[in-house]
Structure formats: C-alpha cells, structure tokens
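Reader: I would like a close look at one salt bridge and at what sits on either side of it. Please start there, and then show me how it fits with the rest of the chain.

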Amino acid sequence: MEYTEELLEFEKKFALEEMTIIALMSSSGWSSTKEEEEIHPTASFETSTWKMAGEEISNQTIRVLRKADEKILHMLKKSAPAHSIVRLRVRKNLVDDTFLLVGNPQKTEDEEIASVREEMLKPDEYTDPILGTLVLDEAMGWYEQKREWNGISIDLTIDDGEEDVLQGEAEMAAEIVQNIDIWMQDSCNQAADIWLEVKNTEYLDAEEGEEPLTREEFIANLTPECLQIFDDGDFAIWFDDGNMFKGRLILIWGNLKDGLKEVEVI
C-alpha cells in the first residue's frame, strides 16, 4: 500500500516505541471501516484478553488497528482468525487505548490466554433432571436440544431468562415431553379439524388431478419439527405441512392450563 501523507498523519498519533503484546482474537475478528474523507480504510479488532509479553493478563479492553487495503485485510484475517492467539508488535496511542499494529500478526501459544479461551468457548448450558442438557443459542435467545419422537428428530427450545424462569419452562417442557404422544395426537387432530376442509377446497390442485385428502392422509402428512416453550407460559408445536399448503408451516399454540388453543398455517 502506497505510503501517503494520510498514513503519516495517522501514525503520528502513536508513540514511536514498539512493544510486544499477546492477544486473543475476538469472535468477530478483523473488520474494516472508512470515513468519507479517507483514502485508506482502517482495519481493527477489539479484545479484552491480552497481556504484555512476560506479564499477566490485563482486563482492559483494547483496540488494535492499522490502515489496510483489501489485500492487507485479507492477510490479517488469514494470519489472525477469530479465537486465535497472536503475538503483535504495536505502538501505543498517545491519547487513548488503541494500538497501532506494526508488521504482521504471528500466531503463538500462551497457556494463560488459552485457558481463558477454553472457558470462553464452553457452551452455556442448562441442565434439567428430566430433560437433560440444553445448550444456549445466543443468536436466538433460547436453550435448545434435539429429541426424538417416533424416529423423528424434533427441536426442543426454552426461552432464555432468570433461573426461576428457566426452571418453570423446563418443568412445563418436561410435562409435555412425558406425555408427548397425547400432545402430538391432539395437535394433529385439531389441525385436521380446522384445516382439512381448507386443504380440500382452497388448496386442492384439481387441474393436476389431486384428490381430496382423507383425515388419516392429512394427519400422516404432518411432521413435527419443533416444540417451543415460551417464558409467558405458552408453548407452540411446529409441523411441516407435507406440502399440503405449498410448503408452509402449521403452528399450534397452547398452555398446560387451557390445552391447545389455536392452529395457524404460517
């Protein structure tokens, strides 16, 4: 990348003294931003797990950056991917907690930082005496596990929340799971009660010779995919429609007090 006056002014913000730090790359890794008036983008990453070479881990969050075009950004991402431990030569900013990267990151090993990484990457789990272990999906905001019913794999999810909320959700899920045959039978019957006629009228492809479905055929087309427990006391069972409604999902709502309350085609 061509050395320009912009790069010179950028580097003047940092002390001339170089130092070596060892850092744990964050889960998001390197990113790049560019202000409207800038010629060169700035690549950077943040970490709260790092230390000066030969010292203990610091709890301070720092940002490491450098000017980088697309080629340099690609090199940075390749040489220092997410969750890797890297040795960096840096120069400290004169006014804030940023560091200018000098040269290229070098992958390394550090027992102390590796221990922090191992703990950080452990899945967040919730264990129930009946259900077993559910693993947190942070993106979705729920704990989940795979269960099997009549040879079909079903997702079970309970909303994330405080310990008492999780316990209540798990107890409700356990009661449903222990009586899953009854809940599935009732769900399929309610779906047929409400949607069989709709299928055989509004969604019947008579031009292609499709025959109306019997109640048994309608129910046979329903495949459960997910049992979802909500923190407000409701639950939902999601079914694949077997293409009866052009690939839509059948959603059945309910709670333990009132039973099944509503059947929707989504």
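Author: Happy to. Let us begin with Glu112 and Lys51, which form a salt bridge whose closest N and O atoms are 3.1 Å apart. The pair links distant parts of the chain, with Glu112 in helix H3 (residues 111-120) and Lys51 in strand E4 (residues 50-52), 61 residues apart. A salt bridge here is a side-chain nitrogen of Lys or Arg within 4 Å of a carboxyl oxygen of Asp or Glu. Helices (H or I, at least four residues) and strands (E, at least two) are DSSP runs, numbered from the N terminus.

Before going further, please keep in mind that this is a predicted model, in which local features need pLDDT of at least 70 and side-chain atom pairs count only at pLDDT 80 or more, while totals for chains, interfaces and linings use all residues. Residues are numbered from 1 along each chain as its sequence is written, and side-chain values use heavy atoms, with hydrogens and water left out.

Back to your pair. Its two partners fall into separate accessibility classes: Lys51 is buried, with a relative accessible area of 8%, whereas Glu112 is partly exposed at 34%. The cut-offs are under 20% relative accessible area for buried and over 50% for exposed, with partly exposed in between (1.4 Å probe, protein chains only). The bridge also has company, as Lys51, Asp110 and Glu112 are linked in a network of salt bridges.

The structure holds 11 salt bridges, and two others are worth setting beside yours. One joins Asp234 to Lys261, with the closest N and O atoms 3.6 Å apart. Asp234 lies in strand E13 (residues 234-240) and Lys261 in strand E15 (residues 259-265), so this pair ties together parts that are 27 residues apart in sequence. Asp234 counts as buried at 17% relative accessibility, and Lys261 as partly exposed at 45%.

The other bridge brings together the side chains of Lys146 and Asp155, at 2.6 Å from N to O. Here Lys146 is exposed, with 61% relative accessibility, while Asp155 is partly exposed at 26%. Lys146 belongs to a region worth a second look, since strand E10 (142-149) and strand E11 (152-159) are joined by a loop that holds Asn150. Asn150 is not a glycine, yet its phi is positive, about 50 degrees. Most residues other than glycine have a negative phi. Asn150 is exposed, at 61% relative accessible area.

Lys246 shows a similar feature: its phi is near 60 degrees, a positive value in a residue other than glycine. You will find Lys246 in the loop between E13 and strand E14 (249-255), and it is exposed at 69%.

Some acidic residues stand outside any salt bridge. Asp124, Glu125, Glu138, Asp160, Glu162, Glu163 and Asp164 form a negative surface patch. A patch is made of residues with over 30% relative accessible area and no salt bridge, and like charges are joined within 9 Å. Asp and Glu count as negative, Lys and Arg as positive, and His and the chain ends are not counted. The place of a charge is NZ of Lys, CZ of Arg, CG of Asp or CD of Glu. One member of the patch, Glu125, is found in strand E8 (residues 125-128) and is partly exposed at 45%.

Contacts between distant stretches can also be read from C-alpha positions. Asp96 and Phe14 are 82 residues apart in sequence and 9.6 Å apart in space. Asp96 lies in the loop between strand E6 (85-92) and strand E7 (98-107), and it is partly exposed at 33%. Leu227, in strand E12 (residues 223-229), is 25 residues from Ile252 in sequence and 9.7 Å from it in space, C-alpha to C-alpha. Leu227 is buried at 5% relative accessibility.

Stepping back, the chain has 6 helices and 15 strands, and buried residues make up 41% of its 266 residues. The C-alpha trace spans about 80 × 50 × 30 Å along its principal axes. The radius of gyration of the chain is 28 Å, whereas a compact globule of 266 residues would have one near 18 Å. That radius is taken over C-alpha atoms, and the globule rule is 2.2 Å times the number of residues to the power 0.38.

Terms used:
Patches are made of residues with over 30% relative accessible area and no salt bridge: like charges are joined within 9 Å, nonpolar side chains (Val, Leu, Ile, Met, Phe, Trp, Tyr) within 5 Å. Accessible areas come from the Shrake-Rupley method with a 1.4 Å probe; for residues, only the protein chains shown count as cover.
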